[in-house]
Every structure is written in structure tokens, then in C-alpha cells.
Amino acid sequence: MSEPVELLPIAQLRREITRKLDGYLREKIPTVRQEEYENNGEGWVLDKTLKYSVWMRKPKRHDVAFEDRVWAMCARLGFNSLSLGRTLRLSYGKGDNERKQVDVLAADDEVVLVIECKSSGGEQPRTETFKTEIEAIQGYRAGLIGTLRKQFPGHKIKFAFITNNIYVSKETLARIEAADIAYLDEEAVNYYHELADHLGPAAKFQLLGNLFHGQKIAAMDATVPAIRGKMGGYTYYSFAIEPERLLKLAYVLHRNNANMRWMPTYQRIIKRSRLKKVSEFVESGGFFPNSLIINVDNGCKPLRFDKSEKQSGSTTLGLLHLPPKYRSAYIIDGQHRLFGYAHSSRAHSELVPVVAFVDMPGSKQLEMFMDINENQQAVPKNLRLTLKADLEWESSDKKRQAQALKLKVAQLLGEQKSSPLRGRVIIGEEKANERLCISLDAVSRGVDRGRFIGEFTSTEMRKPGSFYRGSIDTTLDPLIGFLELSFAFMRDELPSQWNKGRGEGGFVFTNAGAEAILRLLGDFIDHLLQQGKADPRQQAPSEVFVQVRPLLSHLVTYLNGLTPDEIATFRTWLGAGGPTKYLRQFQSAIVEAVPDFEPEGYEEWKLNQEKQFNADSYTMLNEIETFLRQDIRRRLQDKHGSDWIRAGVPQAIYRDGSTRAAEKQYEAGPGVTVDWWECLYLIDYQKVMQHGGNAVWLELFDQTYTLPSDRKAAWRNKSGWFNELNRTRNKVAHNEAVTEEEFGFLQTLHSHFDLGGTGRNN
């Protein structure tokens, strides 16, 4: 007969949680052994000195630290029966050798979790299939369950793999689920720790909903009196229920990596400060008269509803039988109100009002969430973009579907463990930092301008993209696979750039760099299609990448050969035009190495570099500068009279202008008078206009010198166009090519100041 499972005494749980979450192993030893520990090569260092002994510490191995973190997660979620130590071995047969080592065993009053932890210490995630482990569990599962039932009768028993820094493919995940084994990764562990910070043991309901989705909750009474009616074309039920009961049924689809397998996920993570206020309000006797909004998942079957004989108008009274199953009710609105009751003594006696829809499509749930929050607490832009991919995925509008696909590609490149851009693309409500600095917008634009998906109207495909396979569902995985291979190649071949953050000299793996690379990859695909060397609509992503890799190697060679000054130039290309400037430089490098490479738009750009706009730009610049010199001086003289220099011009600018005038006067000789005002630099006039502050700007310059596009800008920024004008002037002065964009800017200024018809296209 097998011995009872040795468990940690409940009284020691709190102290053990602290020890498990500590990143170090610690030992108290006699002082005389300190040197022995420090010299044994295991990494022990002194932590604290006592009178007759010392505390030593060393970092935990990654696998030990992760296993401890999983154990602590279970403890913090309210599993009060937990394995003691890391050497638990359970019998699954009659023989002494038929025993299985269990990493973490966690139980509460209803369930037992048998957890196997796997961790990889590599820099990149390791790929695992778990074939051996799955087969092993199938062999000892029945015997192990029999052993556990002797100590935990009536409990649900669940086996789980929990991994750290390991990539699991969709196929492997399907095999794990088919074997009735739960799977969580380090993102999920972090998520449940974060929930525990906010909810304490109430966070366990989220875990149970994940692990036992659709399974019946033992001894659960899920019957409530209700009203049935219609709203927005959907059947709904209105009822009141104790929070304690609803908490067991409910699940919140928080928008994070832990829940990314379920779509759509839309809720923001619970805020501790807000939850605390709600809890205090509830505990002090407060209540919420407004209803929680939920969706009941009943597998597209009608809920059992026993109608009452009494009816009222278009609504029906009766007794509603909610499905007594884990994760059968999704909270669309009201998570803080519900979880505010989690620690309250009123959770079993108070009633909360609920409006429940049934089997509402995920996209409609998301739309309702967005509608509610747009009118209450605004959803941040990046989260809106993240949610938009889910919201429009099943749209009947093909143009919206295509946009959803672009955003979904951006989202998965930032979320999937297989993606090298994981941790580089900002998802949901994540905050940008030096490395997490690529926006969903930038990736989506790159996918769009790379022509991978194609052009669509609301009803039909106008032009198929290079990877488009007839639907967004069939296009997603091949396109993601190809882009992952391409960015992984860039990561491996450009280690110095990959390891640098945005503020540390990095420029390749930023918004501008990522968008330009995506657009260049689109050029590569078009080039290969024209030569008949690749067919992304038919070939596997790896086969397409093999053809692209030589072209991508030329880009890597170019980027690795850039000088510090050239890199610094790239980093100055900011704003909306930055990605295109990156792209043109990248294309130039490839054209030099592959002469028959002819990317879309490149020849036109080359023509712009051949100074076709310089002559007209020179003329317009002279007329603009003449206007500025005369008009600004006249306005200052009109306001200040003969004292206009001292009252209206900064002393340093007057001094510098006078010095330059004296030098020119000396060179000019007698009979020529040089005016100091004519010797100011173009940018000096901007400083003169700003010299008197906002009041003078508004009085003298605002109406004439503010461009229509800058009307809402701060007053100092309204003259920001001087900087671009000065850069263009310097290019003309140094005989550098003026681009079509710069030429258009000069035309805009020339027209704004009503300087006549000089300049082509006026």
C-alpha cells in the first residue's frame, strides 16, 4: 500500500512562498566554513554575517528557479496542499520501481494538479515536441490517479506541462491537449502571479477556468430566477446571483500573452488600486446597482429556461439553468465589480445584477467591450489596434479583413515564441522602452507596402498580394513563417544591432528599420516572382526564404559595413518619411550588388536625386528669403520705430550679423554699403520672431507665418518650418539634389506667402 503524499504544513506556506520566489539558494553555516564555500566553484558568496555563523547565497539554476516560481504560483492562488521539496515520488504500480517523480503537486478542496516543469537556459527558446513525456504520462496516469484518490477522494485530477523559454508548435500543442494534459508557459505563470498580486486566492478561478474549461463544477447549483428578452437582435437574460457562485463560472479574457490562444481577448488586466477601492466599498456596505455584462458559452445550444406562467410584455419570466461548468461565463464588463467581492464576507449572501447574452460571437463581444469603454474609460491606441485585428477578422468587408490580417501579422510577430521580434513589438498596453520600440502601426504599414496581402474593395479582391492564398486564414501562417525566418536571419547576422536599444545606437530594429525591411522583403518577392524562382502562394515559407536569403545577405553586408557617421545619419531620419529614406538606401545597396534588381518606385526616386528640381528651388528660395528679410524687418519697425533693433532683435544675433557685415564691407571696398540685417542667416530670422515670446508672435507674426497645418501647434512650433527651409537652402547652396518632397515644400511656402507663379507646377 502506498504511503500518504508528504505535504508542506499549512503554517509554513507563507514563509515557503518567500523562499521559493527568492532568486538565490541560501544556507546558514559556521563562520569557519565560509572560505570552503567561497572556493568550491559553485558560486557561493557571503550574504550576511552573524556572531558565530554566516549566511551564504548563490543564484538558483534556471530550472530550479522556474520550478520554485510555479510552486509559489500555486500557493499564492490558494492551493493549500503542496508538495514538500523537489524529491516527491508517487507510486503508480505495485513494484518499488514503479514510482514517478513529480515536480509540483498542488491541491485544494476540489482539484489536484500534477505538474511537470521544463526550462531552457538558452538565449533563444528551445523547441520541444514532448513526445516521450506524453507517452510516459499515458503509461502511468491511471496508477498515479489511483494513488492520489486515496488521499484526495472526489477531487478532479489534472496533469500539466509548464515550460520556460521553450517553443511549442501548434501541432505539439494539439497533441498535448488531445492527451488531456494542460499546457502553460512562463507568460502564463507571470500572468497568474500578477493576478495574485491583485486578487489573491480569487485569481485561482482564472486558472481553473483555463485548466478545466467546459468541465462540470462539483455540487454547483447554477439555477437563478431570470427575465428573458431581446436586445440588439440577441437573446439576453437578466438575473441576480451571488458573487461566490458567479466567480466559479466566470472567466476574464485578459489581453496578454497568457491568453493569446483564445480569440478575441479584450479585457485589460485588473488594476490593484481600483480593485482595492471596490473591495473597501463593498465591505463597508456599498453596492452596485448597474449590471455586469457577461456572455454564457453553451456550445451554441439554448440554455434551459423553465418559463413561469406570469409574463410581462415582450419579456418572459422563468428559472434559468446556467451551465455549471468552469469558464462558461465570459465577463464583458464589470470584472472589478465582481472580483471586488472575492475577499468579502458578503460574497455568498449579496446579489449582483447581471445581463447575460448567450453564445455571442467573439467579435461581437469585443465590439460591445469597445462601445462600453469608448464611452467610459478610453482604450489606449495601441490596445485598440491590437483589438481591431480580432474585431474585424470575421468582417464581411474584405478591405477590413485585409486590414485585420496586417494587424494580426504584426501582433503575432510580437507575441509568438517562434518570432525573433517577440519582445520588440509593442502589444496591447505594454510600455515602450529601448528595445520594445516597434509599433503595430509600423509593422502593419510594412506588410501593407510590401504588397504581401494585396488590394481589396469592400466586396472583392482588386489585386492579389504575393502571399495571398484566397483567404486571410490560409494566408496568415505562411506569411508569418516567412517573416519569422527573415527577421531571424537579420538578428543572427547583425548581432551588434540586435543587442542595441533604440537609444544605444540601434537603428535597424526600430519602427523605421522594421518597416523598411518588410517593404524590401516585398521587393525581393516581386523580383523572384518576375524571374519565376519563387511562388509564395504555393511553396512552404522555408522554400521561399531559401530564395530570398542571398538577396538579404547583400543587405546584411551593407549594414555591417556602415561607418559610425553613416549610422548616425540613419538615426536622424525620423517621422513619417524615415522608413522610405531607409528603404531607398537599402534598395541602392541591393541594386549595386544585383544589377537586374528593379524595385517598385526606385527609378523614380533616382531621378529625384539627379537635381531636376534644383534650378526652380533656387529661384523660389531667393524669393522666399527676400520676402522674409523685408517683411520681418518692416513689422519690427512698425511696432518699435527707431528702437526696433534693441527692442526686437536678440543682442547676439545683432552682434553676429554686424561682424559678418563688417567683414563683407572690408572686402567690398569703398562705394558699397553692407547692411547687417542682410547678413543674418535664414535661421536667425526665426529666432528674431520668437524673441518677444508668445505675445509678440501673436501680435506680429502668427496670422502670416503659421501654416494651415500648424494652426493647433504650440506657438514656438508654428515657425518650425524654418528648420526644413534652412536644410533645403543648405542643400541648394552646396549643390546637393533637392527631392520632390522638398521641392513640394518650397512650393507650399511660396504659395502661402503669395509670391507669384515662379516655380514649376505652380
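Biologist: How do I read the make-up of the second largest cavity's lining: how many nonpolar, polar and charged residues does it have?

Modeller: You sort the lining residues by class and count. Here, in a predicted model, the lining of the second largest cavity has 5 nonpolar, 1 polar and 1 charged residues. The residues in question are Lys 398, Gln 401, Ala 402, Ile 453, Phe 456, Tyr 468 and Ile 472.

Biologist: And how is a space like that found?

Modeller: Rolling a probe the size of a water molecule over the atoms shows where empty space is left. In this structure, the second largest cavity holds about 40 Å³ of space.

Biologist: Which helix gives the most to the lining of that second largest cavity?

Modeller: That would be helix H13, residues 398–415, with 3 residues.

Biologist: Let's stay with H13. Is Glu 415, which sits in that helix, buried or exposed?

Modeller: Here a cut-off helps: buried means under 20% relative accessible area. Glu 415 has 2%, so it counts as buried. You can also place Glu 415 by distance: its C-alpha is 9.3 Å from that of Ile 426, which is 11 residues away along the chain.

Biologist: Back to cavities. How many of 30 Å³ or more are there?

Modeller: The count is 3. The largest cavity has about 70 Å³ of space. Its lining includes Lys 100, Asp 103, Glu 116, Tyr 140 and Phe 159.

Biologist: Which elements supply at least two residues each to the lining of the largest cavity?

Modeller: Three strands and one helix: E6 (99–101), E8 (111–119), E10 (156–164) and helix H4 (131–151). By class, that lining has 8 nonpolar, 1 polar and 3 charged residues.

Biologist: Pockets next. What is the volume of the second largest pocket?

Modeller: About 840 Å³. It has 23 lining residues, and the closest to its centre are Gly 577, Lys 581, Thr 739, Glu 741 and Glu 742. Two or more lining residues come from each of helices H20 (578–593), H21 (602–608), H27 (721–733) and H28 (740–752). H20 provides the largest share, 5 residues.

Biologist: And by class, what does the lining of that second largest pocket have?

Modeller: You'd count 3 nonpolar, 11 polar and 9 charged residues.

Biologist: Now a single helix. How far does H6 reach from its first C-alpha to its last?

Modeller: The trick is to set the end-to-end distance beside the expected value. H6 (186–199) has 14 residues and reaches 19 Å, close to the 20 Å expected at 1.5 Å a residue.

Biologist: How many residues of H6 are buried?

Modeller: H6 is mostly covered, with 10 of 14 residues buried. Among them are Glu 186, Tyr 191, His 193 and His 198.

Biologist: What goes on at the start of H6, and which residue follows the helix?

Modeller: At the start, a side-chain oxygen of Asp 185 comes within 3.1 Å of the backbone nitrogen of Glu 187. After the helix comes Gly 200, with a positive phi near 70°.

Biologist: Which residue other than glycine has a positive phi?

Modeller: Take Phe 130, with phi near 60°. Phe 130 belongs to the loop between strand E9 (126–127) and H4, and at 1% relative accessibility it is buried. Asp 180 is another non-glycine case, with a positive phi of about 60°. Asp 180 sits in the loop between helix H5 (170–178) and strand E12 (181–185). At 41% relative accessibility, Asp 180 is partly exposed.

Biologist: You mentioned H4. Where does Gln 138 lie?

Modeller: In H4 itself. Gln 138 is partly exposed at 43%. The C-alpha of Gln 138 and that of Ile 181 are 9.9 Å apart, with these positions 43 residues apart in the numbering along the chain.

Biologist: Last one: how many disulfides does a search of the whole structure find?

Modeller: The search turns up 0. You can still read each cysteine by its accessibility. Cys 300 is exposed, at 71%, whereas Cys 679 is buried, at 6%.

Definitions and conventions: Residues are numbered from 1 along each chain as its sequence is written. This is a predicted model: local features need pLDDT of at least 70, side-chain atom pairs count only at pLDDT 80 or more; totals for chains, interfaces and linings use all residues. Side-chain values use heavy atoms; hydrogens and water are left out. A disulfide is a pair of cysteine sulfur atoms within 2.5 Å. Buried means under 20% relative accessible area, exposed over 50%, partly exposed in between (1.4 Å probe, protein chains only). On a 1 Å grid over the protein atoms alone, a cavity is a set of points where a 1.4 Å probe fits but cannot get out, and a pocket is an open set with protein on both sides within 12 Å along at least five of seven lines; lining residues have an atom within 4 Å of a point. Grid points are joined across faces, edges and corners, and a volume is the space filled by probe spheres set on the points. Helices (H or I, at least four residues) and strands (E, at least two) are DSSP runs, numbered from the N terminus. Ala, Val, Leu, Ile, Met, Phe, Trp, Tyr, Cys and Pro count as nonpolar, Asp, Glu, Lys and Arg as charged, and the others, Gly among them, as polar. The expected span of a helix is 1.5 Å times one less than its number of residues. A polar contact is a pair of N or O atoms within 3.5 Å; within protein, one must be able to donate a hydrogen and the other to accept it, and residues adjacent in sequence count only if both atoms are side-chain atoms.
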